[in-house]
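Today I'm going through a structure and jotting down what I look up. Time to open it.

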Amino acid sequence: MSSGKGGELIPSSSELDLDRPNIEDYLPSGSSIQEPLGKLRLCDLLDISPTLTEAAGAIVDDSFTRCFKSNPPEPWNWNVYLFPLWCCGVVIRYLILFPVRVIVLTVGWIIFLSCFIPVHLLLKGHDKLQKNMERALVELICSFFVASWTGVINYHGPRPSMRPKQVFVANHTSMIDFIILEQMSSFAVIMQKHPGWVGLLQSTILESVGCIWFNRTEAKDRETVTKKLREHSQGVDNNPLLIFPEGTCVNNQYSVMFKKGAFELGCTICPIAIKYNKIFVDAFWNSRKQSFTMHLLQLMTSWAVVCDVWYLEPQNLRPDETPIEFAERVRDIISVRAGLKKVPWDGYLKYSRPSPKHRERKQQSFAESVLRRLEEN
Amino acid sequence: MGNTSSMLTQYDIEEVQQHCNNAFSQQEIVSLYERFCQLDRNGGGFVSGEEFLSVPEFAVNPLSQRLLTMLDGLNFKEFVAFLSAFSPRATVQQKIEFIFKVYDSDGNGKVTFNDMLDVLHDLTGQFISEHQREQVLTKVLEEAGYTKESLLVMSDFVKILGSSGLKMEVEVPVD
């Protein structure tokens, strides 16, 4: 879940350091300075071409920016008969489909609120009944949302079961991921706290299904959230947790590194892979370019939202695995299923600079090679 | 941001190509333009330092700050000219010229001991002491026939680097 602000950079907190395995294992360039043999000469010191080549390579193309590139759809209305067809399409979408969808959504909200508010206020004493009814109602409103985009969603695999010590993880493309999954079964999601009407929904309705909020910009927040996650996952009657370990929306063609928080809770991880069909609409929410409201409006004026959801085989931490390795293994499973290319970057680099540790590692390796060769005289 | 390649006319492409001495093909220039527009998020016509540093692979490079002073405020034509040293069609002379420019931060055509020390500092960080850096540099300079007070010019660089098989190329992705 991303915040709506445009790219303010905050100093990288220590949490970025802890979450990542060694990037050098992934980057093709590896050790940037070759291991030359023999005595150190002036040309070895002056030849900065490997470092320069890496920098130029990053300027020309880099794997991180590719993750957040939303390709604008190619216009196809370029001649005499296609253009009127396209215009008809626009008319149908904006003047027929869109009002119908707005009506459907409004009806849905009316039904939802007229059931939810009484249930919430009157059934205070009957916890189990209240919870079940609220869950059913949230599933209902999510179905209405999906209907309002003419969602065609193919669910594959066994439906999630409500067992304790179970955490669901999925790749993240837009906030609608949550709605699509919630429609089928109730989850308690971990979300970035948003401003505006979304925030209002978060603090009222979504609280009732047990959602947990975090604030990306607060450094201390991470510990409180981890504690809440742990408590929730141990609880028997709680909705299963749904976590998006990428931490930010990615364009459904790549996957960024998973944060290890979800994988340290001592629970079974059930991976879910979500893949949207781009032909109908590009569901990637580029939070730097669009607010969530605009994103929803864009979805509601498209033909349909078509996607596949795969519920994959539950995974457990293997005895010889660290949580980070576990996270990478699950990321691999999801990326293969959804046809995503893996990228060795932390999604939070959208908002902050990389840790100086990486540059220092390069500097250290070069310094050591210089000193070593000096001693070979 | 709409269809970016439509904003670049054939005249523009040819002008840019001429400016960079045909270092890039026309298709590569179109790709570079798309990349330039992608990096130039606020659409100001040039890519600011902040925007370059938002590419993590660039930000972790030890020479990023030095390159930023050369990249700051460049428009697209100058951006392509900057990158032309990395084209496979660039000559060794052009590549060495580029390296010389990186060292010669004040642009007076002469590289001093301190210039070289600064670049060495960027590359090694805190892992070699200042004193050791000076020692190493003085030693290799003297072995190559220079002194601490020598002012190296372009021809010196050609002599030093020309024979060592410079590999400095990037590939421009063409869709």
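**Entry 1: chain A overall.** Before counting, I needed a definition: helices (H or I, at least four residues) and strands (E, at least two) are DSSP runs, numbered from the N terminus. With that in hand, I got twelve helices and nine strands for chain A. Note to self: this is a predicted model.

Next I checked how much of the chain is tucked away. Chain A has 377 residues, and 52% of them are buried. The area that chain A exposes is about 17,200 Å², with 63% of it supplied by carbon and sulfur atoms. I also looked at contacts in chain A with a separation of 6 or more: 79% of them come from residues 24 or more positions apart.

**Entry 2: a patch on the surface.** Which residues form a nonpolar patch on the surface? I found Val91(A), Ile92(A), Tyr94(A), Leu95(A), Ile96(A), Val100(A), Ile279(A), Phe280(A) and Trp303(A) there, with about 890 Å² of accessible area together. I picked Val91(A) for a second look and found it in helix α5, which covers residues 82-122 of chain A. Val91(A) counts as partly exposed because its relative accessibility is 42%, and that label covers values between the 20% limit for buried and the 50% limit for exposed.

**Entry 3: Glu368(A).** I then went to helix α12 of chain A (residues 356-374), where Glu368(A) lies. Is Glu368(A) buried, exposed or partly exposed? Its relative accessible area is 41%, so I wrote down partly exposed. I also took a distance to Ser70(A): the two residues are 298 residues apart in sequence, and their C-alpha atoms are 42 Å apart in space.

**Entry 4: where chain A meets chain B.** How many residues does the contact take from each chain? I noted 49 residues from chain A and 62 residues from chain B. Between them the two chains bury about 4,900 Å², and carbon and sulfur atoms give 70% of that area. On the chain B side, the residues that lose the most area to chain A are Glu57(B), Val60(B) and Phe127(B), which together make up 14% of what that side buries.

Then I went after the polar side of things. I counted eleven residue pairs in polar contact between chain B and chain A, both residues being at pLDDT 80 or more. The rule also finds two salt bridges across this interface. I zoomed in on Arg35(B), which forms a salt bridge with Asp62(A). The closest N and O atoms of that pair are 2.7 Å apart.

Key. Residues numbered from 1 in each chain as written. Chains lettered and ligands numbered in written order. Predicted model: local features only at pLDDT ≥ 70, side-chain atom pairs only at ≥ 80, totals over all residues. Heavy atoms only, no water. Patch = residues over 30% accessible without salt bridge, like charges linked within 9 Å, V, L, I, M, F, W, Y side chains within 5 Å. Areas by Shrake-Rupley, 256 points an atom, 1.4 Å probe, with all protein chains shown as cover. Salt bridge = Lys/Arg side-chain N within 4 Å of Asp/Glu carboxyl O. Buried < 20%, exposed > 50% of the residue type's maximum accessible area, 1.4 Å probe, protein only. Contact = heavy atoms within 4.5 Å. Buried area = accessible area lost by both parts, 1.4 Å probe. Polar contact = N/O pair within 3.5 Å; in protein donor to acceptor, adjacent residues only side chain to side chain.
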